[in-house]
Amino acid sequence: MSNPAAARRYAVAIFELASEKGMLDEINNELQVVKETFVQNPAYMDFLENPRVTQEKKAASIEETFLSANDMIRSTLLLLLKRRRIDSIVLIAEQYKKLADDQQKRGFAKVYTVKPLNEQEKARISEVFAKRVGKDTIFIENIIDSSLIGGMKIRIGDTIFDGSVRNQLNRLEHQLISGKDLR
């Protein structure tokens with residue numbers, strides 16, 4: 001079972017090395033491909049964790065499967081295999097992505113709306129909320145939520161900005177029930 005603390009240490013080490021070499025985006029892209037390879041092929045992870053398969057066969061398989069990957073990525077995979085931490089690769093890729101995004105002041109938002117947003121609306125939301133959360137860029141994932149009456153909900157990390165009509169009605173109802181001044 002993968003260890004989040006160990007995954008973070010590996011991600012930080014890869015991040016620092018990639019940063020020194022000016023390869024943050026290249027390594028990030030390759031790590032995401034590696035992550036998808038493991039996520040979409042759980043049998044491959046089973047093969048690499050199988051105690052009946054020799055380390056040599058596993059290492060040869062990694063070398064062959066990731067032949068076109070950067071040497072840093074292949075070396076990391078082989079090191080993880082040797083240390084019996086290959087199951088941490090998905091967490092490492094996720095942690096690395098967070099580090100790279102933070103370094104480059106990129107953020108990601110899930111925007112829940114009743115109807116799809118056009119590109120101008122996405123750009124405007126990105127511009128406004130990037131400033132609010134201290135990022136240069138916010139990438140928008142628009143999710144259609146038919147339970148909203150109108151407006152939108154935006155989730156950036158652990159923060160939710162709820163500008164939905166339903167939320168506004170709930171606040172109004174709460175104020176009426178509690179007898180608070182509505183002005």
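1. A residue is taken as buried when its relative accessible area is under 20%. With that cut-off in hand, and bearing in mind that the model is a predicted one, helix α2 is a convenient place to begin: its buried residues are Leu24, Ile27, Asn28, Glu30, Leu31, Gln32, Val34, Lys35, Thr37 and Phe38. These buried residues pack against α1, α3, α5, α6 and β1. The helix itself has 17 residues, and from its first C-alpha to its last it reaches 24 Å, which is close to the 24 Å expected at 1.5 Å a residue.

2. The largest nonpolar core has 30 residues, and the members that touch the most others are Ile27, Phe38, Leu77 and Tyr96. Two or more residues are given to this core by each of α1 (4–20), α2, α3 (42–49), α5 (71–82) and α6. Apart from this core lies another, of 11 residues, which includes Ala109, Ile138, Ile156 and Phe161.

3. Which residues is tyrosine 96 in contact with, once its neighbours within four places in sequence are left aside? The contacts are Ala11, Ile14, Phe15, Ala18, Met23, Leu24, Ile27, Asn28 and Leu31. Among these partners, Leu24, Ile27, Asn28 and Leu31 also appear in the list of buried residues of α2.

4. One salt bridge that deserves a look on the helical side is that between glutamate 94 and lysine 35, whose closest N and O atoms are 3.5 Å apart. Glutamate 94 lies in helix α6 (residues 89–103) and lysine 35 in helix α2 (residues 24–40), so this pair ties together parts that are 59 residues apart in sequence. The two partners can be described separately as regards burial: lysine 35, at 16% relative accessibility, counts as buried, whereas glutamate 94, at 30%, counts as partly exposed.

5. A search of the whole structure finds 10 salt bridges, and some of the charged residues are joined in a wider arrangement, since Asp25, Lys97, Asp101 and Arg106 are linked in a network of salt bridges. The side chains of glutamate 119 and lysine 122 also meet in a salt bridge, at 3.7 Å from N to O; both residues lie in helix α7 (residues 119–133), 3 residues apart, or about one turn of the helix. Residues three or four places apart in an α-helix point the same way, because such a helix has 3.6 residues a turn. Glutamate 119 is exposed, with a relative accessible area of 59%.

6. Glutamate 121 and lysine 115 form a further salt bridge, with the closest N and O atoms 4.0 Å apart. A reader may wish to keep in mind that the cut-off for a salt bridge is a separation within 4 Å. Lysine 115 counts as exposed at 51% relative accessibility, while glutamate 121 counts as partly exposed at 29%.

7. Turning to the sheet, 4 strands form an open arrangement in the order β2-β1-β3-β4, with mixed pairing. The edge strands, each of which pairs on one side only, are β2 (137–144) and β4 (159–162). Neighbouring strands are turned against each other by 20° on average, direction ignored. Helix α7 packs on this sheet and touches β1 (106–113), β2, β3 and β4, its direction making about 125° with that of β2.

8. Within the sheet, β1 and β3 pair in the antiparallel sense over 5 bridges, and alanine 109 has isoleucine 156 in β3 as its bridge partner; both of these residues are also among the members of the 11-residue core. Strand β3 (residues 152–156) pairs with β4, again in the antiparallel sense, over 4 bridges, and lysine 153 stands opposite aspartate 162 in β4. The hairpin formed by β3 and β4 has 2 residues between the strands, and glycine 157 in the turn has a positive phi of about 65°.

9. Where do positive phi values occur in a residue other than glycine? Arginine 84 has a phi near 60° and is placed in the loop between α5 and α6, where its 65% relative accessibility makes it count as exposed. Lysine 105 has a phi near 50° and is placed in the loop between α6 and β1; at 41% relative accessibility, lysine 105 counts as partly exposed. Most residues other than glycine have a negative phi, and these two loop positions are therefore worth noting against that background.

Technical notes
Residues are numbered from 1 along each chain as its sequence is written. This is a predicted model: local features need pLDDT of at least 70, side-chain atom pairs count only at pLDDT 80 or more; totals for chains, interfaces and linings use all residues. Side-chain values use heavy atoms; hydrogens and water are left out. Buried means under 20% relative accessible area, exposed over 50%, partly exposed in between (1.4 Å probe, protein chains only). A nonpolar core is a set of buried Ala, Val, Leu, Ile, Met, Phe, Trp, Tyr and Cys residues joined through side-chain atoms within 4.5 Å. Contact means heavy atoms within 4.5 Å. Two strands pair if DSSP finds at least two bridges between them. Axes are lines fitted to C-alpha atoms, for helices over the stretch in contact, and angles run from 0 to 180 degrees between N-to-C directions. The expected span of a helix is 1.5 Å times one less than its number of residues.
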